[in-house]
Structure formats: structure tokens, C-alpha cells
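Got a minute to go through some labels and where they come from? Have a look at this one first.

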Amino acid sequence: MRPNLPSLDSYWMPFTANRQFKKAPRLFVGAQGMRYTTDDGRTVLDGTAGLWCVNAGHGRRQIAEAVERQLMTLDYAPSFQMGHTIAFEFAERLAKIAPGPDGHKLDRVFFTGSGSESVDTALKIAIAYQRAVGQGTRTRLIGRERGYHGVGFGGISVGGLVNNRRVFPQLPGTDHLRHTFDPVRNGFVKGQPEHGAELADDLERLVALHGAETIAACIVEPVAGSTGVLPPPKGYLERLRGICDKHGILLIFDEVITGFGRLGSPFATDHFGVVPDLVTTAKGLTNGVLPMGAVFASRKVHDALMHGPEGAIELFHGYTYSGHPAACAAGIATLDIYESEGLFARPAEIQAEWDEAIHSLKGLPHVTDIRTIGLIAGIELAPRDGAVGARAYDVFVDCFEKGLLIRTTGDIIALSPPLVIERGQIGEIVEVLGRVIAAAA
Ligand code: PMP
């Protein structure tokens, strides 16, 4: 054990093999710009923007100062039946860049504390909306295989990750589209794959099976992230939108990862030009520095819920930390940085270099597929002797030791560096990763 470490016994780590981790802990003590510092004094290049969230890079003084100012001015105020100005200010700022085209922006904002809370909030808003428009039989929620929508009971119910689901009961009446991963027809693709738009027709099948009058909403990640980087086939999201419209089903895009610039537009909604009814966000909303999420709702959805008698609470839902003043201050300062540094445009500016650098790993042993879109990459490795995830885990640990932070899910390596990454650092990622993958053979 290294000297000066706290006891590792009490902290029960999330989504971590605790017993294995505590035998050889990987610990960060600092971060600045594109790099972390470890407890033993090494620097590690951040290839993942933390957990897909630190889009403007680490240690941004402007954000820290805004948070400090806010905490010394108004640290907390109740969020129910009381307001504070900074939450309205942040919502107004978000409304200006909200997902959707001008005139049709999803510019009504409900604040939450995380991505999981945003998802459960959006699912509940969808069901409440259907009831408000006289469609109270519509309570069924449709997700997709290999979807990740956080860890609330709503999120795991519409999610499609077996490990997150098998121990826990799920909401009744959920169902799933098939995922869109098709390595046979779409291999080593840059951007959107050609094949698979017809998989959206799964929603028609579920309508035929359950009846449209039972279905409230369909939720998908525009680009599935945590389950291995699955960009939508060309035409897929358009087709899903069309089927939802035809049957009165609300469409929810979970943009917890794709929101705030990851694809080179403020939101994936704008990138793909397909407008859902609700958009869930978190992560990049505050550059990851304070926990916060936000659900963007269309005027149609919002206004339908504002029609009860005045004086009655319209939606029986909310959190102690909805619109937390410090998180709002962090969010406003984060938007200032995104705007002044033009960060939402950054992935498009370096797209060609990113794609080329990452796809240069093709041909290394055990690399079975590579997918890039925006400033995201998925690199798929063949499992070692049937032990799913073992090879990728070794690559992850070796990368960390060689000064690069990556993320793995199963045998897929996911990359999503801060949007402030410089061209040379793309080269550094690929150089380290290439060496480590080759050695793992
Ligand atoms: N939705 C998506 C698409 C996500 O990627 C995540 C987190 N990776 C979540 C929801 C859950 O967010 P959180 O961990 O903040 O609850």
C-alpha cells in the first residue's frame, strides 16, 4: 500500500469491482486541462472527459469562481413553491441553445440532479402528458436493447443492459426495440452506418403487439454511448420520428452523452436534424463539476401540462436539488466557456483528424471493429478465450499505467476526450493505445 492513502474500506464504489480495485487502487488527486494527476505523482491524459462530462477540460477557474461567488451569495434555497433568480437565468440561457430548430426549440427546462434523474423525469413527464391530453391508457414505455438510461427503476426498465437489470424488478409494461449494431453490414464506419434504418420499424411491430393506445413514449440515445458507441444508421432516427408521430407516441432522446457539443453541434437533435419531444441531459451541462441534469421539453408537452386549475401543482415531481444555485452558477459559467471558445464546433473542426487517427488502429491484433462519430470512438476487441471484457480490462489498466485514461464496456474501448483536445493529443491517445493493444496480443 502506498503511504499517505486513506483507508479504502469504507467507500463502496459504484460500478466497480471493489475487492479487486482496492488491492491495486487507481487514484487521482488532481486535474488540469487535459490531464489528471495520480496519487503517486504521474500525469494521465484524459481520453474520456472524466465520464463523458468534462467537455471544457479540467480546472476551469471561471467555473470555480462562479460557484464560489454563488455559494457566498445564496448557497441554497428551497426548490418547491420558492424560486431563486439564478435558476431562471440558467433556464433562459439554456432555452436559447435548446435542442431543435429556431421556432421549435425544446425550450422548457426541468432541472434534476443527474442523468438518471433526468431520464426518470422525462419518462414521468411523458406519461403525465398523455394523461393530460386525454390518453390516460398510454403508460407503456419503449426503450432499446443496448440502451443505457441510468440506474433509476425507470431507466433500467427502458434500458437494455442485462447486468443492470437482472437482479432488479422492472416497471411493468416496458418493451424494447432491437439495437442497431450490425458488424456484418456495417464494419469500421466513420459517422453514420449505411444499413439498418429499417430496424426503426420494430416500433411498428410493438404498436401492433401492444396497441398504440397503451404506449406513452419511446426513448433512445441518438448515439448509444455507454454500451459501446453505436451511431444510428442513416435514416433510422427519421423513421422512428415518423412512426411516433403516426401513433401519438412521444419521442425522447437521451442526450446525457451527446448533449453539449459531443457531436459538433449543441445537441445530437441538431446534428441529425430530427426533433424529439423531450431531451434528457446532464454531464456536460455543468462540465461535470457539480451534479446536475436538465430535461428539455417541447412547448407542446409543457403547455399541455400547464392547463389545470391555477393554484394546483401541475406535476407532482421534483428534487431538493432541482436548480441548485451552485450548479446553476457552474452551468452558466460552463455555457460562457462553450460559447466564448466555440467548443460546440470543435469536434467538426477536428473530425477528419480524429477519424483518421482512430481508424489507423484497424489491423492491430484482435481489433474487430472501429466506430467514430463526433468526438467519440468505439474500438471493439475480440474477447479473450470467451472471457468477455478481460482483454479490454487489461488494455484499460495498461493504458492507465502508461498515462492514458480510456473507458471500457465489455470488450469495447470508448474514447470521448474533452472538446478542448489538441491535435497532438489525439496522436498521443492513438500512440499509447496502439502500443498497448499490440502488447495485449
Ligand atoms: N443516460 C445516458 C445516455 C448516460 O450515458 C448516462 C450516464 N452515462 C445516464 C443516462 C445516467 O447518468 P447519471 O450517471 O448522471 O445518472
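Below is a run of questions and answers about the labels used for this structure.

Q: How do you know which features to trust here, and how are residues numbered?
A: This is a predicted model, so local features need pLDDT of at least 70, side-chain atom pairs count only at pLDDT 80 or more, and totals for chains, interfaces and linings use all residues. Residues are numbered from 1 along each chain as its sequence is written.

Q: What makes a stretch a helix or a strand, and how many of each are there in the protein chain?
A: Both are DSSP runs numbered from the N terminus: helices are H or I with at least four residues, strands are E with at least two. On that basis the protein chain has 16 helices and 16 strands.

Q: Why is the protein chain called as compact as a globular protein of its length?
A: The radius of gyration, taken over C-alpha atoms, is set against the globule rule, 2.2 Å times the number of residues to the power 0.38. For 441 residues the rule gives 22 Å, and the chain's radius of gyration is 22 Å, so the label fits. Along its principal axes, the C-alpha trace spans about 65 × 55 × 45 Å.

Q: What makes β1 and β2 paired strands?
A: Pairing takes at least two bridges found by DSSP between two strands. Strands β1 (residues 28-32) and β2 (residues 35-38) are joined by four and run antiparallel, so by that cut-off they pair. One opposite pair is Gln-32 and Arg-35. The two strands form a hairpin with two residues between them, and Gly-33 in the turn has a positive phi of about 60 degrees.

Q: Which strands are the edge strands in the β1-β2-β3-β14 sheet, and what makes them so?
A: β1 and β14 (404-405), since each pairs on one side only. The sheet is open, with mixed pairing. β14 has two bridges to β3 (residues 43-46), running parallel, and Leu-405 is the bridge partner of Asp-46.

Q: Why are β4 and β6 said to stand at the edges of the seven-strand sheet?
A: The open sheet has the order β4-β11-β10-β9-β8-β5-β6, with mixed pairing. β4 (108-112) and β6 (174-177) each have a single partner strand, so one side of each is left without a neighbour in the sheet. From one strand to the next, the twist averages 20 degrees; angles run from 0 to 180 degrees between N-to-C directions, with axes fitted to C-alpha atoms, for helices over the stretch in contact.

Q: What makes β5 mostly covered?
A: A residue is buried if 20 or more other C-beta atoms lie within 10 Å of its own, exposed if 12 or fewer, and partly exposed in between, with C-beta atoms placed from the backbone. Five of the five residues in β5 are buried. Arg-140, Ile-142 and Arg-144 are on one side, with Leu-141 and Gly-143 on the other. β5 runs parallel to β8, with three bridges, and parallel to β6, with four.

Q: How do you know that Val-395 is buried, and which residues does it touch?
A: Val-395 has 22 C-beta neighbours inside 10 Å, so it counts as buried. Val-395 is in helix α15 (residues 390-401). Leaving out residues up to four places away in sequence, Val-395 touches Ile-413, Val-436, Ile-437 and Ala-440; contact takes C-beta atoms, placed from the backbone, within 7 Å.

Q: What makes the phi of Phe-260 and of Lys-283 worth a remark?
A: Most residues other than glycine have a negative phi. Phe-260 has a positive phi near 65 degrees, and Lys-283 has a positive one near 40 degrees. Phe-260 is in the loop between β9 and α10 (268-272), while Lys-283 is in the loop between β10 and β11. With 28 C-beta neighbours inside 10 Å, Phe-260 counts as buried, and with 28 Lys-283 does too.

Q: What makes a residue part of the shell around the ligand, and how many are there?
A: Its C-beta atom, placed from the backbone, has to lie within 6 Å of the molecule. That gives 14 residues, the closest being Ser-114, Gly-115, Ser-116, Gly-150 and Val-256. Helix α5 gives the most, with three residues.

Definitions and conventions:
Contact = placed C-beta atoms within 7 Å.
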